Amino acid sequence: FLMTSLLIISCGEPIDISQEQTNFTDTWRDFTYKRDDAGTEAQKSHWYDQGNKHINQKLPIKNWYGMVEEVGTAIDGKYITVEYDGIKYYLYPKGEGIDYTSINLYDELFFSGRLNGNYFWDTFDSPGLYVDCTKITSIDKSHSYFVITESELDTYLEDVAKKEKMEIHLD
């Protein structure tokens, strides 16, 4: 039996959580449990390293869910912090067409883009993942807060390719 999504209840309405997000979160949580249950420091270190590797993956995501905790400004731009099931996501739209004032605390959103690992001040136990966002919508998809334009997407993809090429040369 293959479950394609997990439903949660929000304000009486079910929310369709993607299987990819559920798997990602469950895998992270599994590593924390294994680390906590480990009998030796070597085992704890092994599970910590595996978990850190997992949450620091750079991977594309589509329609992941989060509830807004903050809409703010940082050195590297304006952002939206959402949370789901123990993981914070710092959403940084990769374009100009977003009105941050239209997003409220506790709004529930779907977001798409690219995970870029744990923020430097966050931890394996309490991850906060940087997300290059290409799309942000309401959970009923009736309102698009942000959709990247074609030219912004091209520029973004070129930047990603350059960064990945640099990382390969550094390894």
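**Exercise 1.** In this predicted model, find how exposed Asp-36 is and which residue it pairs with in a salt bridge.

*Solution.* Asp-36 has a relative accessible area of 46%, so it counts as partly exposed. Its partner is Arg-35, with the closest N and O atoms 2.8 Å apart. The cut-off for a salt bridge is 4 Å, so this pair qualifies. Arg-35 has a relative accessible area of 13%, which means that it is buried.

**Exercise 2.** Work out which parts of the chain the salt bridge between Lys-88 and Glu-69 ties together.

*Solution.* The closest N and O atoms of Lys-88 and Glu-69 are 3.5 Å apart. Lys-88 lies in strand 5 and Glu-69 in strand 3, so the pair links parts 19 residues apart in sequence. Lys-88 is partly exposed at 32%, and Glu-69 is partly exposed at 37%.

**Exercise 3.** Check whether the length of helix 1 agrees with its number of residues.

*Solution.* Helix 1 covers residues 19-37, which makes 19 residues. At 1.5 Å a residue the expected span is 27 Å. The end C-alpha atoms are 26 Å apart, which agrees. Among the buried residues of this helix are Phe-24, Trp-28 and Arg-29.

**Exercise 4.** Identify the strands that pair with strand 3, and give a bridge partner in each case.

*Solution.* Strand 3 (residues 58-74) pairs with strand 6 (residues 108-118) in the antiparallel sense, over eight bridges. There, Gly-66 stands opposite Leu-109. Strand 3 also runs antiparallel to strand 4 (residues 77-84), joined by seven bridges. Here Val-71 has Ile-80 as its bridge partner. Strand 3 and strand 4 form a hairpin, with two residues between them.

Definitions and conventions: Residues are numbered from 1 along each chain as its sequence is written. This is a predicted model: local features need pLDDT of at least 70, side-chain atom pairs count only at pLDDT 80 or more; totals for chains, interfaces and linings use all residues. Side-chain values use heavy atoms; hydrogens and water are left out. Two strands pair if DSSP finds at least two bridges between them. Helices (H or I, at least four residues) and strands (E, at least two) are DSSP runs, numbered from the N terminus. The expected span of a helix is 1.5 Å times one less than its number of residues. Buried means under 20% relative accessible area, exposed over 50%, partly exposed in between (1.4 Å probe, protein chains only). A salt bridge is a side-chain nitrogen of Lys or Arg within 4 Å of a carboxyl oxygen of Asp or Glu.
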